[in-house]
Amino acid sequence: MEHDIAHFFHSLGSEYDSFREFDINTQFITYRLLEPLLYQLKAYKSITYEIKGYSVQNTPITLIRMGTGPIKIFLWSQMHGDESTGTASLMDLFSFFTKYSGFAEVKSEILHSCTLYIMPLVNPDGAEKWTRENALNIDLNRDRIRLNSPESRVLFNTFHEIKPDFGFNLHDQNPLYSVGATPNQAFFSFLAPPEISQPVELSRHREAAMLLISQMAALLHTLIPGHIGRYSDEIEIRAFGDYFQSCNTATVLIESGACKEDFQKQYIRKLHTQTILSALLAISRKSYEKHTIEEYASIPENQKFLYDLVLRNIHIQVSQSHKIIIDIGINNTYVPSAEKSLSNNHAIIENIADLTGLYGLYDYDFEGYRALPMSNEFLTSITAFYLEKKNNYPIYNLSTETLAVSGEFYHHIADLISAVNYPVIFKQGDSANLILHSNFEQFFLVLNGILIKLIPE
Ligand SMILES: [Zn+2]
């Protein structure tokens with residue numbers, strides 16, 4: 001049995017391109033993108049489509065029901081508008097169960113053991129403007145008690161109508177969580193949220209959530225060892241997960257993280273889809289019962305030991321004759337939108353310090369290099385130059401790239417460097433634009449967080 005689920009998990013990976021929802025290709029997921037996909041589901045007799053309510057801006061919040069089994073599973077996603085990986089996976093799940101013909105026996109087993117209640121995109125208004133909060137600037141996951149938002153009321157009421165045995169609370173976490181004190185990015189973090197009543201004894205349903213997480217983590221471990229973390233289990237009584245756990249629903253929080261070269265999170269989404277579908281089979285077969293609380297407890301807790309880009313051992317000239325050595329930690333905020341542009345990224349200097357013991361996803365030693373800020377004039381001209389070279393299509397990650405520039409351009413930079421005023425000072429929170437040079441011979445630019453090596457044309 002156990003072997004079968006592992007086999008299913010890996011086969012889903014190799015078959016993924018045959019069943020994934022092809023109309024979703026980026027992180028930017030709004031109701032407009034989902035609507036036609038959800039409408040298609042109405043064509044299936046075995047599927048129930050129901051609008052459970054509306055957002056502040058009157059966008060429908062839909063519940064899809066499929067399956068006839070006795071175990072009730074409720075999955076909901078994107079209650080934070082800018083956390084869309086779960087929604088993409090739920091669309092994959094629909095495509096898997098409807099458009100794709102493979103794994104017929106497994107599908108039948110799941111749908112005869114379980115009834116799935118699926119609510120994708122709980123916060124459509126937040127998704128539209130790509131914010132965590134809804135149109136009233138309310139964080140739905142801190143609105144469980146007051147239920148100020150219509151979206152919170154929809155989630156709350158739907159949960160109580162269903163009274164699910166299992167709940168999957170699908171979120172995305174800060175991409176810069178590390179797994180324990182390691183440089184490893186947490187691709188996923190799990191949590192069986194604590195119950196609000198804090199019972200002395202572990203309840204059966206929270207235990208079931210922990211065991212199910214142990215099984216999901218074990219499956220993922222075969223593909224991404226060292227990249228699975230556990231969320232802190234401090235009680236948050238205003239959150240839905242902690243509350244649902246207290247209502248006798250085995251509740252699992254899945255936080256999708258990021259993987260540095262997977263800017264649109266499509267690899268993370270694939271792993272997430274494999275994990276969710278395998279978890280449904282694990283619930284159908286109760287195979288998670290073979291796992292242990294110890295396995296759950298041994299998943300390392302998340303830490304924040306990471307920056308997007310770390311530049312180490314940079315010399316800063318505080319006067320003509322005096323220099324200091326610093327490390328610079330740069331973080332990038334990526335704001336997906338329908339339009340691709342350089343302004344999707346906003347990179348800032350997050351820390352200027354000795355960053356020993358901390359890590360960059362991209363981490364470079366600049367021993368022997370001096371750094372200086374860019375003037376606004378220079379920044380404007382170099383940005384225009386860079387975009388022209390890149391055909392207005394900037395890269396979306398922070399790895400090093402090269403840019404061929406003319407001799408004249410080098411002279412321009414050299415002039416800029418000689419004209420610099422001392423002391424050279426960088427401030428935390430400054431935009432991440434700077435010039436690095438070694439003896440006026442080797443030059444790098446950091447342009448909105450992108451590290452660019454200049455080479456002669
Ligand atoms: Zn969230």
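Does Asn439 count as buried or exposed, and how many C-beta neighbours lie inside 10 Å? In this predicted model, Asn439 has 8 such neighbours and therefore counts as exposed. The cut-off for exposure is 12 or fewer. Asn439 sits in the loop that links strand E17 (434-438) with strand E18 (442-447). The backbone there is unusual in sign for a residue that is not a glycine: phi of Asn439 is positive, at about 50°.

A positive phi also occurs at Lys265, again a residue other than glycine, with a value near 60°. Lys265 belongs to the loop between strand E9 (250-256) and H9. The surroundings of Lys265 hold 22 other C-beta atoms within 10 Å. Lys265 is therefore buried, since the threshold for burial is 20 or more.

Helix H9 (residues 266-285) packs against a second helix, H7 (residues 204-221), with the two axes coming within 10 Å. The axes cross at roughly 135°. H7 is therefore oblique to H9. The crossing of H7 past H9 is right-handed.

Both helices contribute several residues to the contact. From H7 come Leu212, Gln215, Met216, Leu219 and Leu220. These meet Leu271, Thr275, Ser278, Ala279, Ala282 and Ile283 of H9. By class, eight residues in the contact of H7 with H9 are nonpolar and three are polar. No charged residue takes part.

Methods:
Residues are numbered from 1 along each chain as its sequence is written. This is a predicted model: local features need pLDDT of at least 70, side-chain atom pairs count only at pLDDT 80 or more; totals for chains, interfaces and linings use all residues. Axes are lines fitted to C-alpha atoms, for helices over the stretch in contact, and angles run from 0 to 180 degrees between N-to-C directions. Helices (H or I, at least four residues) and strands (E, at least two) are DSSP runs, numbered from the N terminus. Angles under 35 degrees count as roughly parallel, over 145 as roughly antiparallel, 65 to 115 as roughly perpendicular and the rest as oblique. A crossing is left-handed if the near helix is turned anticlockwise from the far one by less than a right angle, and right-handed if clockwise. Two residues are in contact if their C-beta atoms, placed from the backbone, lie within 7 Å. Ala, Val, Leu, Ile, Met, Phe, Trp, Tyr, Cys and Pro count as nonpolar, Asp, Glu, Lys and Arg as charged, and the others, Gly among them, as polar.
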